[in-house]
Each structure stands twice: as structure tokens, then as C-alpha cells.
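Biologist: I should like to learn how to read helices, strands and pockets in a model. May we work through one example together?

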Amino acid sequence: MQVHAYAARKAGGPLEPYEYDSGPLGAHEVDVRVTHGGICHTDIGVIDDEFGASRFPVVAGHEAVGVVHAVGSAVDQSVLPVGRRVGVGAIAGSCFHCEWCLGGQTNLCPARDDTVLRGDRGGFASHVRASDWRHVHPIPDALPSAQAAPLLCAGTTVFSPLLVNGVLPTHRVAVVGIGGLGHLAIQFLAKWGCAVTAISRTEDKRADAERFGATGFLASGEEGAVRAAAGTFDFVLSTVSANLPWDDYVGLLRPQGKLCVVGVPDKPVAVSPLSLLPAAKQVMGGIVGSAAHTRQMLDFAARHDIRPVVETFPVADFDEALGRVRAGTARYRAVVEFG
């Protein structure tokens, strides 16, 4: 099949039309005709080669929603019939025979298929191919396609840590950052039943945070504000890429509390042992959810009316959309409509 894609041919370059032949369809593979594609900061990182691992020409994109176009011979067509509305997210396949896959943690598979790191086979295209049908997610009817797309990376990235870390409805939780990830985290946690405090540098986003379900707000740019809240929270989710004063944020935790980092700071996350040991606190990373967690997240979002705030762009304005995400001015996720 001839795929019509949008590729950057050099680091930081504009997206240009690009075509490739996808080749024969494997037994477990699924081709999805893309109608909507979310733009994530990771896409910008790959296009700009921030990680030093990009292979040009690069076709980024890992928040693709569309319809099943074709399926391989081993695909269960009762689950994925041709024409069904589905999503292909950050992980498009895993081995399903390693200890992690067998334990349901497909997102930890050493052989997982990271959609955005494929080179020229990402989701910014007319079609995207999933290497295993079990990573193709039916989209609930209640979720519009433009709003479902960001859930396939941003949504599962902030939802999965609630399950993995045993966050309870009785917990007091803080979300650091009210952006593409944070505005979804606040919604999930509020519907989870938690008392949610949003943390942002200034008061500018207080109204938005409260609209998303936050019952508390902390302006971290105010002198001493973070330290004044020490010992308040059972769980802190950091969604920002900033290099924070990590000891102060660990200090926000109650005994045995957890700080989960899902943003990507560009410097080491350094914490004093004395911030952790006396009260048995923990610091851990979070990643996109497993196939099971992603489907649970979509169902939860549909049931509780959780929606990302999106700006939509036609394909003709692709570079404008990328520029808004690159500059951090999108409110709060950018989605391209492929038709």
C-alpha cells in the first residue's frame, strides 16, 4: 500500500509530503486510515532530533485516531473489523512472550514498538501500521476523534501511574504543571475521587485548574510556597519538563508518599537521601500505560466525561500546529485533522 505521509527531512525542518510503500501486511498487523493525529512534545523532540536518535526523513506522530483499513490473517476481526474507529498510540506492538508482556506490562517489553521512534513509519500520515492488533484500541462512541487522539499518549501517561502506584480516592494529590499532561491528570484524579491541588508557577492558570477539578492551588513561584506545603500530599505527579528543586517537592509528601515524574527534565533528578529515608518516601518515573491500562483509561474518560482541551488544525497548517506545540502556547493539545 502506498502511504502518503508528512516528513521532516532534516532536524528542525518543515514537514513535507513523503510517500512510501508499506509492504505486505503481517499476520498480526493492522493498517489504520488516520483521520486525526495529536501532536506531542515527543514528536517535536524527534523532529528536532533532541534525543540524538532520529533517522531522517522522520515521520513523527503517535496519537493517531482513524478507522481500520486492513487486518492480517491472525487478527481477531470480531474485535477489529474493517471500518471500526480505533486509535494507535505511543506503543504499536510488543512481543507478548517476555515476562513483562505475560504479566500484563506490555509497556515494559524490551521489544516494544515505539511508534514515534520508527523513522519514517509514524502516525503523521494517511495510514499507520500497528505491528500487533492488541495495541490497536477501539475508541468509545462517547469520545470524539479529535479529543480521543491526545488520550493515546498524554492520557495513558498520566492515568497509568494511578493504577501502578495504588492511588486511592482518599488520597491528597498534587499535580505539578497545568499543560498538555497536567490538565488531563487533574481531570482523572478529580473523577478518581482525590482531593487535587494544582501547582503552577503563577496564578495565571488557577481558573483553568479549578475548571478541570482542582480543589486547591499552589503558586510555586511565590517565595516559600512549596516548602510551606510540606508534608501535605500522599502522591505528587510532576508533568513538567522543568528542572525543579526536587528536595522541596519530595518534602511535599507525607510519610511513604510517592513523587512520580512523567515530564522529562534535561538535567538529573537529584534528591538528598535525607529527603527520602527518614519517612520512607519514593521517587519513580512514569511512562505510557500498558495495552490494558490504555483501554481502561479510554473507558474511564468516556464514562466520566474527561476530555482534553484541543486546538484543531487542517493539514495545510501542520507547521503552524507544530510551532505552537514547540513554543508551548497550545491550549492544551494540538490535533491535526487528516480527513
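Biologist: Which residues of helix α11 are buried?

Modeller: Please bear in mind that this model is predicted. A residue counts as buried when its relative accessible area is under 20%. In helix α11, residues 318-327, the buried residues are F318, A321, L322 and V325. Viewed down the axis of α11, these buried residues fall within an arc of 100 degrees, so they line one face of the helix.

Biologist: What covers the buried residues of α11?

Modeller: The cover includes the strands β1 (2-8), β2 (15-21), β3 (30-39), β14 (310-314) and β15 (333-337), together with the helix α1 (41-47). Just after α11 comes G328, which takes a positive phi of about 75 degrees.

Biologist: How many of the residues of α4 are buried?

Modeller: In α4, nine of the 11 residues are buried, so this helix is largely enclosed by the rest of the structure. The buried residues are A154, G155, T156, T157, V158, F159, S160, P161 and L162. Among the elements that cover them are α5 (182-192), α10 (291-303), β11, β12 and β15. After α4 comes G166, with a positive phi near 65 degrees.

Biologist: Two of those covering elements are β11 and β12. In which sense do these strands pair?

Modeller: As a general idea, the side chains of a regular strand alternate between the two faces of the sheet. Here β11 (residues 233-238) and β12 (residues 253-261) pair in the parallel sense over five bridges. The bridge partner of F233 in β12 is L253. Strand β12 is also joined to β13 by four bridges, and these two run parallel. There, C260 stands opposite M284 in β13.

Biologist: Let us turn to empty space. How much space lies in the second largest pocket?

Modeller: Rolling a probe the size of a water molecule over the atoms shows where empty space is left. In this model, the second largest pocket holds about 250 Å³ of space. It is lined by 17 residues, and those closest to its centre are N107, L108, S160, V164 and I287.

Biologist: Which element supplies the largest share of the lining of this pocket?

Modeller: The largest share comes from α4, with three residues. Both α4 (154-164) and β13 (282-285) supply at least two residues of the lining.

Biologist: How do the residues of the lining divide into nonpolar, polar and charged?

Modeller: The lining of the second largest pocket has seven nonpolar residues, 10 polar residues and no charged residues. S160 therefore links two of our topics, since this residue is among the buried residues of α4 and is one of those closest to the centre of the pocket.

Terms used
Residues are numbered from 1 along each chain as its sequence is written. This is a predicted model: local features need pLDDT of at least 70, side-chain atom pairs count only at pLDDT 80 or more; totals for chains, interfaces and linings use all residues. Side-chain values use heavy atoms; hydrogens and water are left out. On a 1 Å grid over the protein atoms alone, a cavity is a set of points where a 1.4 Å probe fits but cannot get out, and a pocket is an open set with protein on both sides within 12 Å along at least five of seven lines; lining residues have an atom within 4 Å of a point. Grid points are joined across faces, edges and corners, and a volume is the space filled by probe spheres set on the points. Ala, Val, Leu, Ile, Met, Phe, Trp, Tyr, Cys and Pro count as nonpolar, Asp, Glu, Lys and Arg as charged, and the others, Gly among them, as polar. Buried means under 20% relative accessible area, exposed over 50%, partly exposed in between (1.4 Å probe, protein chains only). The arc is that of the directions from the helix axis to the C-beta atoms. Contact means heavy atoms within 4.5 Å. Two strands pair if DSSP finds at least two bridges between them.
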